Amino acid sequence: MGLVGDKITIRGGRPLIGRIEVKGAKNLVTKAMVAALLGETPSILRDVPNISDVRIVRGLLEAHGVKVTEGDEPGSLLLDPVDVESAHYADIDAHAGSSRIPILFCGPLLHRLGEAFIPDLGGCRIGDRPIDYHLEVLRKFGAVVEKQPNGIRMSAPNGLKGTKVELPYPSVGATEQVLLTAVRAEGITELKNAAIEPEIMDLINILQKMGAIITVDTDRVIRIEGVDSLQGYQHRALFDRNEAASWAAAALATDGDIFVGGAKQAEMLTFLNVFRKVGGAFDIHDDGIRFYHPGGDLKPVIIETDVHPGFMTDWQQPLVIALTHAHGVSIVHETVYEQRFGFVDALVEMGATIQIHRECLGGHPCRFGQRNFNHSAVIAGPTKLVGADIEVPDLRGGFSHLIAALTAEGTSTVSNVGIISRGYENFITKLRLLGADFDLEG
Ligand code: EPZ
């Protein structure tokens, strides 16, 4: 269950060595659970990680009358939407907390109930995270969107009809919004400038299993022919490539050797290229990928985060620690989120040499170039990190802080680690398995 203590004391300097397993991707599983709402019969989802984001979605589904029980194998869920009903906004608010997932309930609930409600969704430490694309898309399907004091109420008096959408930016969430709405809308929907992340493709696999008709063309165009009804699915979730990349970054920064069971090459091609350029080594196996530090100096690199198949924004924070060990100057240009370097302050406190800039460094001008956002980092190495008391700012920044403390000389106390269990299943047990030296407080 959830993390007992919220503080961890780490004595750094030990290489992480051993084997851990990664399960289904947080960024697919949570959407697959929502997709079950569209089915007229129950769904079974396998390889569901035991993380708090899954518990949030489970709570939201149960608040809407969906029965969620253990499935046909450990780590699987049976999702029965037969008795779906409207939920009281207070229930939605209570379950949603800071999660952004309620926005994706809109399409399925409008189809099933003709109405939907979402509480005001905050941003998080990595950016404003507006939902303007989502609302624009739902209006185009024919939804009536009403702003209310405590959130947004939606209805579809004339049903939802297929439409043409071109996203200003290949947003993952907005693409999922279109998919979850178009599959049962009347007629054809054409989506241009779509996100094509592996998690999107796996969601499309699920929807097609349910009876949907979805064509993925070249050049980010997706066509969906709406159908009258969908059935429940049975699906094993795609592995979590963000968690796999995080443990790989930990292996490299701690001079370690970690076998990540469940990791696959195809979804991590871009990460593996950069990992090798920095000086890391990996072996591809049928049941996972071994990541290790082969010895020798690490090399600086220029990383520009981007939408798939570019270097994923969620990979940069964990990998930055290894870049503080590299011999030379690395650059990370963050082009997906405008405020994703909040985690750097603590690293500088620990002795890293990192400067943050507003300019688009190391690559191509991006959306944030002229908008006064600190979205490029210059990392000079090698530097030796020294233990300190630091606080976790966000999910991936939190994992990065764990790695920093594991590589640092001396002892660090990392607080607010509960955030990390939002996206990393049993990370405390995994640290123990890999030989980390730490105590969990509280
Ligand atoms: C998903 O977020 C992931 N979260 C993120 O992972 C991931 O970083 C992101 O996709 C990009 O790959 C989940 O799947 C739960 P977006 P999402 O819509 O869907 C702007 C993690 O650590 N935008 O592709 O919210 C937005 O502000 C998380 O696991 C608008 O401007 O990402 C951002 O700058 C962090 N208006 C950019 O697009 C909108 O209406 C990308 O956002 C929607 C998005």
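Ala-195 is placed in the loop that runs between β10 (188-192) and α7 (198-210). In this predicted model, Ala-195 counts as buried, because its relative accessibility is 0% and the limit for a buried residue is under 20%. Leaving aside its neighbours within four places in sequence, Ala-195 is in contact with Pro-170, Ser-171, Val-172, Thr-175, Ile-200, Arg-220 and Ile-222. Gly-173 stands 22 residues from Ala-195 along the chain, and the C-alpha atoms of these two residues are separated by 8.5 Å.

Two of the contacts of Ala-195, namely Ser-171 and Val-172, lead to the ligand. The ligand has 23 residues around it, and those that come nearest are Asp-132, Ser-171, Val-172, Val-336 and Arg-396. Val-172 takes part through its backbone, where an N or O atom lies 2.7 Å from an oxygen atom of the ligand. Arg-396 takes part through its side chain, in which an N or O atom is 2.7 Å from a ligand oxygen atom. For Arg-367, the corresponding distance between a side-chain N or O atom and an oxygen atom of the ligand is 3.4 Å. On its own the ligand has 830 Å² of accessible area, and the protein covers 88% of it.

The shell around the ligand may also be described by its composition and its origin. Its residues divide into 10 nonpolar, 5 polar and 8 charged. Five helices, α1 (26-35), α5 (132-140), α6 (172-182), α10 (313-325) and α12 (395-407), each supply at least two residues of this shell. At the level of domains, at least three residues of the shell come from domain 1 (7-22 + 239-441), and at least three come from domain 2 (26-236).

These two domains are the ones that the domain assignment of the chain gives, with domain 1 made of the segments 7-22 and 239-441 and domain 2 spanning 26-236. Their C-alpha centres lie 30 Å apart. Where the domains meet, 25 residues of domain 1 are in contact with 20 residues of domain 2.

Helix α5, one of the helices that supply the shell, also holds His-134. Is His-134 buried or exposed? With a relative accessible area of 8%, His-134 is buried, since the limit is under 20%. Not counting residues up to four places away in sequence, His-134 touches Ile-103, Leu-104, Gly-173, Ala-174 and Gln-177. Gly-173 is thus named here as a residue that His-134 touches, after having served above as a reference point for the position of Ala-195.

Ser-412 belongs to strand β22 (residues 411-415). Its relative accessible area is 0%, and therefore Ser-412 is buried. Which backbone atom does the side chain of Ser-412 reach? The side chain of Ser-412 reaches the backbone nitrogen of Ala-388, at 3.2 Å. Beyond its neighbours within four places in sequence, Ser-412 is in contact with Ile-8, Thr-9, Ile-10, Met-350, Gly-387, Ala-388 and Ala-405.

The backbone itself has several features that merit attention. Most residues other than glycine have a negative phi, and most peptide bonds are trans. Against this background, the peptide bond from His-308 to Pro-309 is cis, with omega near 10°. Pro-309 is found in the loop between β17 (302-304) and α10. Gly-381 and Pro-382 are also joined by a cis peptide bond, for which omega is about 5°. Pro-382 is found in the loop between β20 (376-381) and β21 (389-391).

Positive phi values occur at Arg-220 and at Asn-416. Arg-220 is not a glycine, yet its phi is positive, at about 60°. The loop between β11 (213-216) and β12 (222-225) contains Arg-220, which is one of the residues in contact with Ala-195. Arg-220 counts as buried because its relative accessibility is 17%, and the limit is under 20%. Asn-416 likewise has a positive phi of about 60° without being a glycine. Asn-416 lies in the loop between β22 and α13 (427-433). Its relative accessible area is 23%, so Asn-416 is partly exposed.

Note on methods: Residues are numbered from 1 along each chain as its sequence is written. This is a predicted model: local features need pLDDT of at least 70, side-chain atom pairs count only at pLDDT 80 or more; totals for chains, interfaces and linings use all residues. Side-chain values use heavy atoms; hydrogens and water are left out. A residue is near a molecule or strand if one of its heavy atoms lies within 4 Å of it. A polar contact is a pair of N or O atoms within 3.5 Å; within protein, one must be able to donate a hydrogen and the other to accept it, and residues adjacent in sequence count only if both atoms are side-chain atoms. Accessible areas come from the Shrake-Rupley method with a 1.4 Å probe; for residues, only the protein chains shown count as cover. Helices (H or I, at least four residues) and strands (E, at least two) are DSSP runs, numbered from the N terminus. Ala, Val, Leu, Ile, Met, Phe, Trp, Tyr, Cys and Pro count as nonpolar, Asp, Glu, Lys and Arg as charged, and the others, Gly among them, as polar. Domain bounds come from an automatic or database domain assignment. Buried means under 20% relative accessible area, exposed over 50%, partly exposed in between (1.4 Å probe, protein chains only). Contact means heavy atoms within 4.5 Å.
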